[in-house]
Amino acid sequence: MPGVMPHDIIDLNYDLMDGEVEFNVVGLNEVGLNEVELNEVEGVFDSVCAFCDDGGEILCCEGRCMRSFHATVETGANMCPSLGFSLGELHGLPRFVCKNCEYQQHQCFACGKLGSSNVFSGAEVFPCVSATCNYFYHPHCVAKLLYRENKAAAEELERNIVGGGYFTCPIHKCCVCKQEENKEDSQLQLAVCRRCPKSYHRKCLPRAIAFEDIAEEGIITRAWEGLLPDRVLIFCLNHEIVEELGIPIIDHIKFPGD
Ligand SMILES: [Zn+2]
Ligand SMILES: [Zn+2]
Ligand SMILES: [Zn+2]
Ligand SMILES: [Zn+2]
Ligand SMILES: [Zn+2]
Ligand SMILES: [Zn+2]
């Protein structure tokens, strides 16, 4: 992610009374990256843009998805498509709800396909039960990931989810040692892939998922600190990094009607 630091996270608060948009800027510097004060945004809304995975001036969806987006082409980094709002449109918004939340059509984080998330009429994708997780899944897709080697258990979980049962998605455990995260111990913080349900403890990260280029070994940066609260942001080895972008190709967000 070229040009990612130093960094500003902007918490866009709406004053519903007069429709004024107020920007609270929390300045980050290279020294203080781990003591970031994300205000109310922390643990509720995503701290980086769902398109380009960078911070800056981001607009939070007030629907269920809890994602954030660069709202205008100007606020996004050069490669971010953004929501494409003009500044006038942005300031005229009483609140922002993304198209996925508006139409209750969310993408499965495993297969990427859109499905209905309307629990009152034939939901196809269901949200992970973790309060800070904003991902939806097809029951079949998440059950297969959670029980790779146990077909019977996967089928049972799939039926449970369809019947309204809860599940915790795969991103909350390390894919190497299968243990949970511990935010107090930096080595046991999770490094979460932004493009697929795969997480590693910081200590379990493969060498090829590096924080900085290791030119002599042909390893390119795939991990960043300070963008997500108490977590490391990664692109796992399943995604090719596009050299000019410094991140994988931005084709992963689907809105209904696109
Ligand atoms: Zn963006
Ligand atoms: Zn949304
Ligand atoms: Zn799926
Ligand atoms: Zn989850
Ligand atoms: Zn681990
Ligand atoms: Zn991945």
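## Burial and overall content

A residue is called buried when its relative accessible area is under 20% and exposed when that area is over 50%. C133 has a relative accessible area of 8%, so C133 is buried. The model discussed here is a predicted one.

The chain contains four helices and 12 strands. Of its 258 residues, 48% are buried. Among the contacts in the chain with a separation of 6 or more, 52% involve residues 24 or more positions apart.

## The site of zinc ion (ligand 3)

The zinc ion (ligand 3) takes its protein donors from C108 (SG), C111 (SG), H138 (ND1) and C141 (SG), which lie 2.2 to 2.4 Å from the ion. Along the chain these donors follow the spacing C-x2-C-x26-H-x2-C. C108 belongs to the loop between β5 (105-107) and β6 (114-116), whereas C141 belongs to helix α3 (residues 139-146), so this pair ties together parts that are 33 residues apart in sequence.

The arrangement is tetrahedral because the four donor atoms around the zinc ion (ligand 3) subtend angles of 96 to 118°. For reference, the ideal angle for four tetrahedral donors at a metal is 109.5 degrees. Both C108 and C141 are buried.

## The site of zinc ion (ligand 4)

C128 (SG), C133 (SG), C169 (SG) and H172 (NE2) are the protein donors of the zinc ion (ligand 4), at 2.1 to 2.3 Å from the ion. Their spacing along the chain is C-x4-C-x35-C-x2-H. C133 is in the loop between β7 (126-127) and β8 (136-137), and H172 is in the loop between α4 and β9; the pair therefore ties together parts that are 39 residues apart in sequence.

The four donor atoms of the zinc ion (ligand 4) make angles of 99 to 116° with one another, and the site is tetrahedral. H172 has a relative accessibility of 12% and therefore counts as buried. C133, at 8%, is buried as well.

## The site of zinc ion (ligand 5)

The zinc ion (ligand 5) is coordinated at 2.2 to 2.3 Å by C174 (SG), C177 (SG), H201 (ND1) and C204 (SG). In sequence, the donor residues of this ion are spaced C-x2-C-x23-H-x2-C. The angles subtended by its four donor atoms run from 90 to 120°, which makes the arrangement around the zinc ion (ligand 5) tetrahedral.

Two of these donor residues can be described by their accessibility. H201 is buried, with a relative accessible area of 1%. C204 is also buried, with a relative accessible area of 15%.

## Packing of α3 against α4

Helix α3 packs against helix α4 (residues 151-162) at an angle of about 145°, and the two axes are 8 Å apart. The crossing of α3 and α4 is right-handed. On the α3 side the contact is made by P139, H140, V142, A143, K144 and L146. The α4 side contributes A154, L157, E158, I161 and V162.

## The four-stranded sheet

Four strands form an open sheet with mixed pairing, in the order β10-β9-β12-β11. Its edge strands, each pairing on one side only, are β10 (199-201) and β11 (223-228). Neighbouring strands of the sheet are turned against each other by 35° on average, direction ignored.

β11 pairs with strand β12 (residues 231-234) in the antiparallel sense, over three bridges. A223 has I234 in β12 as its bridge partner.

## Residues with positive phi

D53 is not a glycine, yet its phi is positive, at about 65°. D53 lies in the loop between β2 (20-27) and β3 (56-60). Its relative accessibility is 1%, so D53 counts as buried.

K178, likewise a residue other than glycine, has a positive phi near 65°. K178 is placed in the loop between α4 and β9 (190-193). With 54% relative accessibility, K178 counts as exposed, whereas D53 is buried.

Key
Residues numbered from 1 in each chain as written. Chains lettered and ligands numbered in written order. Predicted model: local features only at pLDDT ≥ 70, side-chain atom pairs only at ≥ 80, totals over all residues. Heavy atoms only, no water. Pairing = 2+ DSSP bridges. Helix = DSSP H or I, 4+ residues; strand = E, 2+ residues; numbered from the N terminus. Axes fitted to C-alpha atoms, helices over the stretch in contact; angles between N-to-C directions. Donors = N, O, S within 2.8 Å, 3.2 Å for Na, K, Ca; no water. Tetrahedral: all angles 85-135°; square planar, octahedral: opposite > 155°, others 65-115°. Buried < 20%, exposed > 50% of the residue type's maximum accessible area, 1.4 Å probe, protein only. Left-handed = near helix turned anticlockwise from the far one by under 90°. Contact = heavy atoms within 4.5 Å.
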